[in-house]
Every structure is written in structure tokens, then in C-alpha cells.
Amino acid sequence: MAASRSRAAPRGGAELWAALAWLLVSLGVVWAGRDLGIGEVAAPGSGFLLFWAGLLMAGFSVAILWTAVTQGSPPIAALWAGTRWRKVVLTIASLAVYAAILDGVGFLPATIPLMLVLLRGVDPVRWRVALPVAILSTVGIWWVLKRLLHIQLPAGAFGIG
């Protein structure tokens with residue numbers, strides 16, 4: 001007599017819903033790429049990369065969906081367990097303020113304080129590390145964008161940028 005194995009009932013959860021959402025997004029990307037025109041490998045159209053990237057995304061989504069259905073996944077509530085909400089709100093608020101003041105103040109004077117808030121508030125580092133990192137990374141990005149790539153950045157009221 002063959003021993004019957006009890007198999008866990010297929011169940012969904014966080015991975016199931018995430019896979020379904022990404023599958024919908026990837027199908028939208030495939031559709032947009034097809035609308036733009038795929039072309040051929042020798043002469044790719046505007047939507048060539050979008051189409052194939054969307055198909056790749058869809059493949060990954062289906063793989064995760066299959067795993068979530070056959071093996072189960074943690075519940076959606078498990079995604080939010082241990083979330084540091086104060087840091088999430090701080091990040092969103094600081095990015096909203098940054099977006100609001102960027103044009104008026106300019107790239108450099110707006111980005112340095114943003115970097116300081118993120119470096120000190122999200123995952124705190126010492127001031128003697130945060131200050132040089134904020135200044136040097138912002139100036140470095142500004143130099144690459146403005147001087148090397150010739151990208152117009154908001155100069156703001158101070159004319160810096």
C-alpha cells in the first residue's frame with residue numbers, strides 16, 4: 001500500500017499579490033513596446049527594448065507566481081512587520097520638501113540639506129561623516145551632470161547649479 005503524503009494546500013500571500021501586480025505591469029510594458037514597434041534584431045524599433053524587457057519581467061513574475069501558488073508565501077502583514085514608520089515618513093516628507101524647493105533654491109543648496117537629513121535621519125551616521133559625504137557627493141554629482149554631461153540643473157534664486 002502506497003503511503004500518501006499530505007501536501008500543504010496551495011496558498012497565496014505577499015508574493016502571490018506582488019507577482020500578480022508585476023505581471024500586470026510587465027504586460028503593460030510589453031503592450032507599450034508592441035505599440036511603439038518592435039522592429040527586428042538588425043533594425044530594432046522604438047519599442048524593441050521595452051517589449052523584450054517586459055517579456056523578461058513577465059517571465060520572472062510567472063516564476064514567482066508559480067512558487068507562491070505551489071509553496072505558499074508569508075502573509076501580506078509580514079511585509080510590514082518591523083517597519084520603522086518614522087523613518088519612512090521622514091524620507092517621504094524630505095523628498096516632498098526637496099521637490100517643492102528644488103527649482104526655487106537650486107540643485108546644490110537643496111540637495112546638500114536633503115543628503116544631510118537622509119544620512120542623519122534614516123540610518124544615522126556621525127556628523128563628521130555625514131557632512132563631507134553630503135557635500136562631496138552632491139558636488140560630485142553636480143560636476144558630472146553639469147560639466148561632463150552638460151545637463152541643465154536648476155540654478156534657483158542663488159544662481160548655483
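Which helices are included in what covers the buried residues of α1? The answer includes α2 (48–71) and α3 (77–80), and the views below show the surroundings. This is a predicted model, in which local features need pLDDT of at least 70, side-chain atom pairs count only at pLDDT 80 or more, and totals for chains, interfaces and linings use all residues. Residues are numbered from 1 along each chain as its sequence is written, and side-chain values use heavy atoms, with hydrogens and water left out.

**View 1. The whole chain, for orientation.** The protein chain has six helices and zero strands, where helices (H or I, at least four residues) and strands (E, at least two) are DSSP runs numbered from the N terminus. Its radius of gyration is 24 Å, well over the 15 Å that the globule rule gives for 161 residues, so the chain is more spread out than a compact globule. That radius is taken over C-alpha atoms, and the globule rule is 2.2 Å times the number of residues to the power 0.38. Along its principal axes, the C-alpha trace spans about 80 × 50 × 25 Å. Buried residues make up 22% of the 161 residues; buried means under 20% relative accessible area, exposed over 50%, and partly exposed in between (1.4 Å probe, protein chains only). Take the contacts (heavy atoms within 4.5 Å) between residues at least 6 apart in sequence: 59% of them join residues at least 24 apart.

**View 2. Helix α1 and its buried residues.** With 23 residues, α1 should span 33 Å at 1.5 Å a residue, and its end C-alpha atoms are indeed 33 Å apart. The expected span here is 1.5 Å times one less than the number of residues. Look for the buried residues Ala14, Leu16, Ala19, Leu23, Ser26, Val29, Val30 and Gly33. After the helix comes Gly37, with a positive phi near 100 degrees.

**View 3. Ser26 up close.** Ser26 sits in α1 (residues 14–36) and counts as buried, because its relative accessibility is 0%. Its side chain reaches the backbone oxygen of Leu23 at 2.8 Å. This fits the cut-off for a polar contact, a pair of N or O atoms within 3.5 Å; within protein, one must be able to donate a hydrogen and the other to accept it, and residues adjacent in sequence count only if both atoms are side-chain atoms. Leaving out residues up to four places away in sequence, Ser26 touches Gly54, Met57, Ala58 and Ser61.

**View 4. Helix α2, facing α1.** What covers the buried residues of α2 includes α1. Those buried residues are Phe51, Gly54, Ala58, Ser61, Leu65 and Ala68. The 24 residues of α2 should span 34 Å at 1.5 Å a residue, which agrees with the 35 Å between its end C-alpha atoms. Just after α2, Gly72 has a positive phi of about 80 degrees.

**View 5. The kinked helix α4.** A kink of about 30 degrees is centred on Ala99 in α4; the bend at a residue is the angle between axes fitted to the seven residues ending there and the seven starting there. From first C-alpha to last, the 21 residues of α4 reach 29 Å, close to the 30 Å expected at 1.5 Å a residue. Ser94, Tyr98 and Leu102 are buried in α4, and the buried residues of this helix pack against α5. Gly106, just after α4, takes a positive phi of about 110 degrees.

**View 6. The largest nonpolar core.** Eight residues form this core: Tyr98, Leu102, Phe107, Leu108, Ala110, Leu114, Trp142 and Leu153. A nonpolar core is a set of buried Ala, Val, Leu, Ile, Met, Phe, Trp, Tyr and Cys residues joined through side-chain atoms within 4.5 Å. Both α4 (85–105) and α5 (107–121) supply at least two residues each, and α5 gives the most, with four. Apart from this core lies another, of six residues, among them Leu16, Ala19, Leu65 and Ala68.

**View 7. Around Phe107 and Ile141.** Not counting residues up to four places away in sequence, Phe107 touches Tyr98, Leu102, Thr138, Ile141, Trp142, Leu153, Pro154 and Ile160. Ile141 belongs to α6 (residues 127–148) and is partly exposed, at 46% relative accessibility. Ile141 and Leu108 are 33 residues apart in sequence, and their C-alpha atoms are 9.6 Å apart in space.

**View 8. His150, beyond α6.** His150 lies in the segment after α6 and is exposed, with a relative accessible area of 66%. Its phi is near 55 degrees, a positive value in a residue other than glycine.
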